[in-house]
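Take a look at the chain below. This report walks through its parts one at a time, beginning with a question.

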Amino acid sequence: MKLVSFLLSTLLVTSVNSQTQCRNFKSIISFGDSIADTGNLLDLSDPNDLPASAFPPYGETFFHHPTGRYSDGRLIIDFIAEFLGFPLVPPFYRSQNANFEKGVNFAVAGATALDTSFLEERGIHSDITNVSLSVQLRSFTESLPNLCGSPSDCRDMIENALILMGEIGGNDYNFALFQRKAIEEVEELVPFVVTAISLAITELVCMGGRTFLVPGNFPLGCSASYLTLYQTSNKEEYDPLTGCLTWLNDFSEYYNEQLQKELNRLKELYPHVNIIYADYYNALLRLFQEPAKFGFMNRPLPACCGLGGTYNFNFSRRCGSVGVESCNDPAKYVNWDGIHMTEAAYRWISEGLLKGPYAIPPFNWSCLSSEIMNKKSLDTQILDEQLIQGCLKV
């Protein structure tokens with residue numbers, strides 16, 4: 001009987017795993033910062049004090065006008081939505097009249113994984129927004145009656161959504177590094193950032209979340225802003241192949257390793273949940289390693305939109321400011337404004353996630369029919385009840 005019970009439980013977990021890995025998603029639920037913000041910061045801003053993304057040349061490539069996205073065009077979340085056959089995911093804040101049936105986006109440019117009060121206590125200042133990950137998650141839970149109605153409908157919505165967890169956490173490090181905090185001090189933030197992301201995933205799992213795409217950090221040493229801020233005559237600090245700052249990339253790799261360790265722990269804790277690590281680091285780094293292969297100019301480190309210096313970046317006069325222009329062909333550039341990437345770069349990153357090899361584990365698109373996918377078996381209900389009990393104990 002014990003053997004039969006074990007085999008049955010194994011089959012149940014395997015069955016649910018295969019379902020979650022090969023799911024016909026019904027919508028996208030997004031949290032994060034400027035890498036995923038489709039207009040939230042713009043909607044939250046004072047009309048007399050708009051962010052840079054409200055001004056040209058932001059949005060010039062695809063939308064032909066600024067949309068609040070920090071790029072010349074579409075972002076990774078936009079390409080994911082298009083791949084799934086969804087409309088572009090609308091920003092949530094101050095857009096309650098929008099159609100959220102196929103997706104809702106809580107990502108806000110400048111957002112941090114940790115609450116701003118936590119960072120302020122450590123002398124790390126963030127004056128862009130106080131909409132941290134926990135605030136975004138609270139906004140989501142409070143909005144559920146309007147988004148999906150009844151508790152059962154909401155659980156169904158969350159269960160069948162692709163939940164994009166960021167990128168989030170990058171600004172926690174950016175704000176510290178832009179203030180030139182010692183790298184040892186920045187490293188002390190890593191376990192707190194990882195825990196904040198882990199707790200958010202756990203809460204969403206308890207609400208019914210089944211598929212999560214969790215990005216790591218980009219190679220910070222290849223950012224025009226950091227290359228400008230930490231420019232040095234010491235050639236040993238640069239990667240001879242890419243020209244990126246190796247110590248900053250080492251930090252990004254360290255954080256990504258810690259994040260993946262925690263995601264692996266969550267996978268063991270919730271074997272019926274599909275937690276996919278999005279390797280933003282290597283998906284972007286390859287564009288700097290072999291730029292010509294992807295249609296970019298050689299040594300594509302300078303920003304397309306910027307002013308002055310080796311990397312076409314100036315902290316005092318950034319993209320979106322009067323007199324700061326963009327390059328003639330953003331498709332040849334990887335860096336857009338010194339901090340964010342071009343649409344062309346985001347397109348390649350998205351393709352690397354959706355088609356491989358930069359999603360770990362990879363997506364499985366050979367899906368079952370929607371009728372089979374949407375039919376909830378008794379076995380799945382039992383596992384859901386067990387999950388709820390486990391969440392209540394957390």
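Is H64 buried or exposed? H64 is exposed, because its relative accessible area is 63%, and over 50% counts as exposed. This residue belongs to the loop between α2 and α3 (76–83). Its backbone deserves a look too. The phi of H64 is near 65 degrees, a positive value in a residue other than glycine. R180 is also a residue with positive phi: the angle is about 60 degrees, although R180 is not a glycine. R180 sits in the loop between α7 and α8 (183–187).

**The whole chain**

Keep in mind that this is a predicted model. The chain has 394 residues, and buried ones make up 55% of them. It holds 15 helices and six strands. Now consider contacts between residues at least 6 apart in sequence. Of these, 73% join residues at least 24 apart.

**Two helices side by side**

Two packed helices are described by the angle between their axes and the distance between the axes. Here the pair is α5 (residues 133–147) and α9 (residues 190–206). Their axes come within 10 Å and cross at roughly 10 degrees. Angles under 35 degrees count as roughly parallel, so α5 and α9 are roughly parallel to each other. Which residues of α5 and α9 make the contact? From α5 come L133, L137, F140 and T141. From α9 come A196, I197, A200, E203 and L204. By class, the residues of this contact are seven nonpolar, one polar and one charged.

Helix α5 also contains S143. S143 counts as buried because its relative accessibility is 5%, and the cut-off for buried is under 20%. Leaving out residues up to four places away in sequence, S143 touches F92 and F106.

**A buried loop residue**

Next comes A107. A107 lies in the loop between β2 (103–105) and α4 (116–121). Is A107 buried or exposed? The relative accessible area of A107 is 0%, so this residue is buried. Which residues does A107 contact, leaving aside its neighbours within four places in sequence? They are S30, F31, G32, D33, A36, D37, N40 and Q136. There is also a distance to note between A107 and I168. These two residues are 61 residues apart along the chain, yet their C-alpha atoms are separated by 8.7 Å.

**Pocket and cavity**

The structure also encloses space. It holds one cavity of 30 Å³ or more. The table sets the largest pocket beside the largest cavity.

| Space | Volume | Lining residues | Classes in the lining |
|---|---|---|---|
| Largest pocket | about 730 Å³ | 28 residues | 14 nonpolar, 10 polar, four charged |
| Largest cavity | about 210 Å³ | 22 residues | 11 nonpolar, nine polar, two charged |

Start with the pocket. Closest to its centre are P51, A52, Y70, I128 and R318. Helices α2 (40–44) and α7 (170–178) each supply at least two residues of the pocket lining. Which helix gives the largest share of that lining? The answer is α7, with four residues.

Now the cavity. I35, N174, F218, L220 and I339 lie nearest the centre of the largest cavity. Helices α7, α10 (224–229) and α12 (280–289) each supply at least two residues of the cavity lining. Again α7 appears: α7 gives the most to the lining of the largest cavity, with four residues. Helix α7 thus has a part in the lining of the pocket and in the lining of the cavity.

**Two cis peptide bonds**

Last, look at the backbone at two prolines. The peptide bond from G356 to P357 is cis, and its omega is near 10 degrees. Where is P357? P357 is placed in the loop between α13 (343–354) and β6 (359–360). The peptide bond from I360 to P361 is cis as well, with omega near -5 degrees. P361 is found in the loop between β6 and α14 (370–374). Strand β6 therefore borders the loop of P357 and the loop of P361.

Conventions: Residues numbered from 1 in each chain as written. Predicted model: local features only at pLDDT ≥ 70, side-chain atom pairs only at ≥ 80, totals over all residues. Heavy atoms only, no water. Axes fitted to C-alpha atoms, helices over the stretch in contact; angles between N-to-C directions. Parallel < 35°, antiparallel > 145°, perpendicular 65-115°, else oblique. Contact = heavy atoms within 4.5 Å. Nonpolar A, V, L, I, M, F, W, Y, C, P; charged D, E, K, R; others polar. 1 Å grid on protein atoms, 1.4 Å probe; cavity = no way out; pocket = protein on both sides within 12 Å on 5 of 7 lines; lining within 4 Å. Points joined across faces, edges and corners; volume = space filled by probe spheres on them. Buried < 20%, exposed > 50% of the residue type's maximum accessible area, 1.4 Å probe, protein only.
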